[in-house]
Amino acid sequence: MDQLTTQQLLKLRIACGVFFFISGFSYSSWASRIPSIQQQLHLNEGQLGAVLFALPIGLMLTIPITAKMLKHFSSRSIMLLGAIAFNVLLCVPGFTAYVWQLIVLLFFFGSARNIFNLSVNAQAVSIQSFYDKSIMVTFHGIWSLAGFAGAALGYLMVSYNVAPSYHLLFVGICMIVITLIFYPHAYYEKPVAQSGKSVFSLPDKHLVKFSLICFASMACENTMYDWSGIYFQKVLHASKPAATAAFVIYMVAMTIGRFTGDRLVASVGIKRVLSVSGILILTGLLFSVLLPYNYTVYFGYGLVGMGVSCVVPLVFSMAGKSQSMNTGQALAAISTVGYLGFLIIPPAVGFIAQAAGLRWAFGIVAGFGALIIVMVSQLKAEKTSQVSPSMT
């Protein structure tokens, strides 16, 4: 590992943080305009669920490709490719006139998102190795802060009736410019090829519970991205600005949770933080289902945001403790299971909503909060007592 000065490390950390910001801002901008695009293409809940299915399919199918790319090229180069492709595609959804166009677009949008996200997390792992304390949750906190900013901008765009085409085009272009500015400051590390190692692996028996926790959290998280605004409009019959405000509240809560996560772990330990996270997710979704009023749903969304905030970063940080898989393999394996939550659950919400209503769909999703509670209760305390200080 190269020896770097404090100033060089700071530049690397800032550059990595900027790319987390780009990822969060771009994706949140898209999520904030899903209700507008649904109306633009005259889609019901079932049709929207089928359309949204294309994004996680593209994401999942690209995981082995991205893993192979990271095996042979620097994560910095892959991150540049992912960031540019992700934001070029972000410019397009508002201009789609047919459902098939949006489906094709979302497939490649999901593929680009996977390339970008895995590479930027690989960058974070490399930078983490220079520090004696965990900084992964902070990077994810920056992602959430960016998500809040993107949701807030989306709220303004909806409030002033700005078409999603112009809104997303503007965001995409700005993010590409920022990418080109900060790319030279990102960390370059030589890829380490591992002969005989599969680029696509499932978690070993020691990581199964962690993977299920990650699956449940990511299922709830992406359900909120795709359906929180629509739930507000369809169930509460609220205005579009009110629906967008609900998504902003969710993102604010997630951001606060991630920026306080490291201190909470230091105080009470990972197991308790994960357990409380499951309780918050379960309680927040039940509030939204059983008390379908504006302020109670706002409160419920806030609880869910706090609940999902730390789960994935903490599960990723524990991946390096596996004795039978190296850190890279463990991260890829857990991501594979976790992303299944993105793949299966949010589109399923649309099908359930079409058959029985969104309240029933959200009630079923609340069960994933209970799954987290159960899985965490089965973890051994010694394996969750602290975050691994160095992920190499």
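In this predicted model, E45, L48, G49 and L52 of helix 3 are in contact with D226, W227, I230 and K234 of helix 9. Sorted by type, the residues of this contact are four nonpolar, one polar and three charged. Helix 3 covers residues 45–52 and helix 9 covers residues 208–235; their axes lie 12 Å apart, at an angle of about 170°. Because angles over 145 degrees count as roughly antiparallel, helix 3 is roughly antiparallel to helix 9.

**The chain as a whole**

The chain contains 15 helices and zero strands. It has 392 residues, and 59% of them count as buried. Among contacts in the chain with a separation of 6 or more, 87% come from residues 24 or more positions apart. The exposed area of the chain is about 15,500 Å², with 68% of it supplied by carbon and sulfur atoms.

**Helix 1 and helix 8**

A second helix pair is formed by helix 1, residues 6–32, and helix 8, residues 164–182. Their axes come within 10 Å and cross at roughly 170°. This pair is therefore roughly antiparallel as well. On the helix 1 side, the contact includes I14, V18, F25, S29 and W30, and on the helix 8 side it includes H167, L168, V171 and M175. The residues of this contact divide into 12 nonpolar, five polar and no charged.

The two helix pairs can be set out together.

| Helix pair | Axis separation | Angle | Residues in the contact |
|---|---|---|---|
| Helix 3 and helix 9 | 12 Å | about 170° | four nonpolar, one polar, three charged |
| Helix 1 and helix 8 | within 10 Å | roughly 170° | 12 nonpolar, five polar, no charged |

**V171 in helix 8**

V171 is one of the helix 8 residues that meet helix 1. Is V171 buried or exposed? With a relative accessible area of 1%, V171 is buried, because the cut-off for buried is under 20%. Apart from neighbours within four places in sequence, V171 is in contact with F25, S29, L90 and L153. V171 and F25 are 146 residues apart in sequence, while their C-alpha atoms are 8.4 Å apart in space.

**The nonpolar core**

In soluble globular proteins, nonpolar side chains tend to be buried together. Which residues have the most contacts inside the largest nonpolar core of this chain? They are W30, F232 and Y250, in a core of 119 residues. Helix 9 contributes the largest share of this core, with 15 residues.

W30 also belongs to the contact of helix 1 with helix 8. Residues up to four places away in sequence aside, W30 touches I37, L52, L55, L90, P93, L106, F109 and L168. Of these, L52 is in helix 3, where it takes part in the contact with helix 9, and L168 is in helix 8. L90 is also a contact of V171.

**Two residues with positive phi**

Most residues other than glycine have a negative phi. H42 is not a glycine, yet its phi is positive, about 55°. H42 sits in the loop between helix 2 (34–40) and helix 3. Its relative accessible area is 71%, so H42 is exposed.

Where does N161 lie? N161 is in the loop between helix 7 (136–159) and helix 8. N161, likewise not a glycine, has a positive phi of about 55°. N161 counts as exposed, because its relative accessibility is 65% and the cut-off is over 50%.

Methods. Residues are numbered from 1 along each chain as its sequence is written. This is a predicted model: local features need pLDDT of at least 70, side-chain atom pairs count only at pLDDT 80 or more; totals for chains, interfaces and linings use all residues. Side-chain values use heavy atoms; hydrogens and water are left out. Buried means under 20% relative accessible area, exposed over 50%, partly exposed in between (1.4 Å probe, protein chains only). Contact means heavy atoms within 4.5 Å. Accessible areas come from the Shrake-Rupley method with a 1.4 Å probe; for residues, only the protein chains shown count as cover. Axes are lines fitted to C-alpha atoms, for helices over the stretch in contact, and angles run from 0 to 180 degrees between N-to-C directions. Angles under 35 degrees count as roughly parallel, over 145 as roughly antiparallel, 65 to 115 as roughly perpendicular and the rest as oblique. Ala, Val, Leu, Ile, Met, Phe, Trp, Tyr, Cys and Pro count as nonpolar, Asp, Glu, Lys and Arg as charged, and the others, Gly among them, as polar. A nonpolar core is a set of buried Ala, Val, Leu, Ile, Met, Phe, Trp, Tyr and Cys residues joined through side-chain atoms within 4.5 Å.
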